[in-house]
Each structure stands twice: as C-alpha cells, then as structure tokens.
Amino acid sequence: MAISNLSLFKRKGGVWYIIYNLGGRVRWKSTGQKMKSDALKVLHDFEAHLQKKLPSVLLSEFQNTLTKLYSNAISANTLRSYLLSMRSFQTVIGNKLLNHYTLREVETFKAKRLETCTPTTVNIEFRALRAAFNLAVKWQLLNENPFLQSSQVKTAEQLPTYLTREDFHKLLGATVEQVLKDVFLFAALTGLRLGEIINLKWQEVDLQRKLVTVGSASFQTKSGRVRVLPMGEDVYRMLLRRSGLHSNGFVFHKNGYQLQGSFVSHKFKAYARAVGLSDAIHFHSLRHTNATWLVQSGCNIYQVQKLLGHSSVKTTEVYSHLTASELHEVVNKIGFN
C-alpha cells in the first residue's frame with residue numbers, strides 16, 4: 001500500500017505528529033515528542049520502517065500460511081470463517097499481493113457482496129478479513145491493514161431470538177432422540193455454543209464439585225480461553241444419568257460416536273418448525289435463551305458476561321433491554337406524588 005507525503009505538525013499541547021497519506025487517505029501518528037529534533041528522529045525511524053522491504057505474498061499464499069501457523073491457536077470454526085471470507089474476497093477482488101489491497105478494494109468488496117448477501121453476512125466476512133489482515137501485519141507481511149480504514153455495514157439493530165419456557169417445553173416434548181433432548185436442555189441451561197457442547201468430554205466434567213470446564217488442549221473455544229462453569233441441579237441430574245452410559249469419551253454421542261454439529265443443527269430446526277416456532281429460531285437461539293432467562297431471573301449483565309464467556313460486556317449488553325420492565329419501581333422513586 002502506497003504511503004506518501006510524510007511531514008510533521010504540532011498539535012495543541014505541544015506534541016509533534018507525523019502526517020502522511022495512506023491509500024489516498026490522510027492519517028497521522030503521534031511521535032510522543034515535544035522537541036522537534038526528537039520528533040524528527042521518530043519520523044526518520046518511521047520512514048525506515050515503511051521502506052523496509054516486505055515479502056511479496058499473494059492472498060492465496062497467505063491463506064495457506066494461516067492454515068499452517070494458526071490452526072492450533074484458534075477454534076476450527078474461527079479458522080474456517082477466516083478462510084471462507086478470504087476466499088470470498090479473492091473471488092470478488094482477485095488474488096493480489098497483500099500490500100496491493102487498498103481501501104478502495106475493501107469498499108468495493110462490501111458493495112459487491114451487498115448485491116447478493118445480507119448486511120449481517122457482509123459484516124461477518126468483514127470482521128474475519130480485518131482480523132486475518134491484522135495477523136498479516138503482526139507477521140510483518142503488511143505495513144498497514146486496509147480494513148482498519150473502513151467500517152462495518154450499518155444494520156438495523158436486531159434483538160436476540162430466544163425461546164420462552166413454554167416454547168422450550170414444546171420443543172423437548174417433540175424431540176424423539178434422548179441425546180438431542182439432553183443437548184437441547186444442556187444448551188439452554190448453560191449457554192454453551194454448539195461446538196463447545198459436542199466436543200465436551202467427561203474428563204472436563206466434575207460431577208463431585210458440579211463444575212464443567214469449557215476448552216481443552218484438543219478443543220479451542222471461540223475466544224481461545226478456558227472457562228469453568230457451575231452446574232445447575234437440572235444439568236447435574238442429566239449428566240449424572242448420562243455418566244452411566246457407554247461412551248467414547250464424549251459426554252454427548254450417538255451410539256458411541258461423536259455428534260456432528262450439522263446433524264444437531266438440522267434436527268433442532270426440524271423440531272422447532274414442527275412445534276410452530278418462529279423461523280428465526282435456530283440452535284444458537286438456545287444460547288440467547290440462556291442469557292435471557294438469566295437476566296429475567298435477576299442476574300446482572302456482568303454475571304451473564306462471565307457465564308457466557310464474552311470477552312467484552314458490550315457483547316452482553318444486547319440483553320440489557322430485558323431489565324427495562326423491572327426498572328419501573330426505580331423510576332417511580334423520583335415522582336412528585
């Protein structure tokens with residue numbers, strides 16, 4: 001990516017900044033210095049960094065490198081998202097050298113994808129590409145990430161889809177396979193993701209202390225962090241019953257074989273439709289259901305964040321609207337009567 005017109009300017013407070021043009025867009029960077037002579041040294045180092053010859057790597061080559069170097073550092077689903085998004089980007093924009101992609105290509109990609117995809121899909125791909133290109137910068141394959149100059153497509157805010165307790169009981173009543181009943185119950189009462197559930201092994205379940213460890217050497221969670229969750233009594237009784245079944249090590253299995261995510265998702269959708277639930281309901285709605293029930297039961301957002309394993313409370317705040325009806329007593333305290 002071409003960087004030109006480097007110069008210094010002083011902002012309020014007396015600190016010198018470097019101003020430069022990156023891909024047709026003016027940007028600036030603090031030198032952290034108030035003396036011009038010191039700022040000039042920072043500028044010189046910055047120029048030397050930019051002129052450092054980067055390896056010529058095609059996007060397709062970067063995909064292969066990512067698969068080799070990063071497959072054990074993130075979950076399989078996250079890696080798959082990166083690769084599929086890069087494939088989509090390559091289809092729309094072309095297989096270029098990484099340092100030849102600019103803001104223009106990023107904006108073109110979003111516009112083209114919006115012709116055939118929903119804004120939500122485009123944003124999922126955008127976030128995956130931004131994260132992947134950040135790795136390219138980290139590995140010194142790029143000087144600047146062009147996706148950092150852009151932003152996600154604006155979408156209308158959508159509240160999470162969830163099941164009421166009545167709907168959930170209907171779903172369980174219609175489910176024939178006992179293992180799927182157990183999976184659905186476990187998902188609704190723990191908030192675990194599908195991948196976390198089907199990869200859960202008995203060695204990560206402590207029935208004595210009623211704890212479940214999510215994440216292991218053989219399975220990476222979405223965040224890459226291991227978390228420990230307490231079991232509720234319903235979950236404990238269900239797991240205690242399942243502990244007596246023949247198993248290949250997995251808590252949830254079919255005839256000794258690990259459950260496949262596509263099978264579970266398909267069966268859930270079929271049963272949800274059979275009992276007349278909204279078409280917007282899918283397996284991940286059980287995670288939203290868990291969070292919703294927790295908030296409705298009086299848990300605060302920070303407790304829900306901890307249980308769901310969100311890295312930021314901003315992600316969890318989507319459920320904060322559920323507490324609005326419970327605040328009537330609070331706002332009435334400032335009335336005139």
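The expected span of a helix is 1.5 Å times one less than its number of residues. Helices (H or I, at least four residues) and strands (E, at least two) are DSSP runs, numbered from the N terminus. The model is predicted: local features need pLDDT of at least 70 and side-chain atom pairs count only at pLDDT 80 or more, while totals for chains, interfaces and linings use all residues. Residues are numbered from 1 along each chain as its sequence is written, and side-chain values use heavy atoms, with hydrogens and water left out.

**Exercise 1. Compare the span of helix H4 with the expected value, and find where its buried residues lie.**

Step 1. H4 covers residues 103–114, twelve in number. From first C-alpha to last it reaches 17 Å, close to the expected 16 Å.

Step 2. Buried means under 20% relative accessible area, exposed over 50%, and partly exposed in between (1.4 Å probe, protein chains only). The buried residues of H4 are Leu103, Glu105, Val106, Phe109, Lys110 and Arg113.

Step 3. Those residues span an arc of only 165° around the axis, so they lie on the same side of H4. The arc is that of the directions from the helix axis to the C-beta atoms.

Step 4. An α-helix has 3.6 residues a turn, so residues three or four places apart point the same way.

**Exercise 2. Work out the strand order of the sheet E4-E5-E6 and describe its edges.**

Step 1. Two strands pair if DSSP finds at least two bridges between them. The three strands make an open sheet in the order E4-E5-E6, with antiparallel pairing.

Step 2. E4 (205–206) and E6 (227–230) each have a single partner strand, so one side of each lacks a neighbour in the sheet.

Step 3. E5 (residues 211–214) is joined to E6 by four bridges. Val212 stands opposite Leu229 in E6.

Step 4. On E6, Arg227 and Leu229 make up the covered face, whereas Val228 and Pro230 make up the uncovered one.

**Exercise 3. Locate two residues with positive phi and state their exposure.**

Step 1. Gln140 has phi near 60°, although it is not a glycine. Gln140 sits in the loop between helix H5 (119–138) and helix H6 (165–174). Its relative accessibility is 49%, so Gln140 is partly exposed.

Step 2. Lys210, also not a glycine, has a phi of about 60°. Lys210 belongs to the loop between E4 and E5. At 26% relative accessibility, Lys210 is partly exposed.

**Exercise 4. Describe the lining of the second largest cavity.**

Step 1. On a 1 Å grid over the protein atoms alone, a cavity is a set of points where a 1.4 Å probe fits but cannot get out; lining residues have an atom within 4 Å of a point. The structure holds two cavities of 30 Å³ or more.

Step 2. The second largest cavity has about 30 Å³ of space. Its lining consists of Phe186, Thr190, Leu192, Val212, Leu229, Pro230, Met231 and Val235.

Step 3. H7 and E6 each supply at least two of these residues. By class, seven are nonpolar, one is polar and none is charged. Ala, Val, Leu, Ile, Met, Phe, Trp, Tyr, Cys and Pro count as nonpolar, Asp, Glu, Lys and Arg as charged, and the others, Gly among them, as polar.

Definitions and conventions. 1 Å grid on protein atoms, 1.4 Å probe; cavity = no way out; pocket = protein on both sides within 12 Å on 5 of 7 lines; lining within 4 Å. Points joined across faces, edges and corners; volume = space filled by probe spheres on them.
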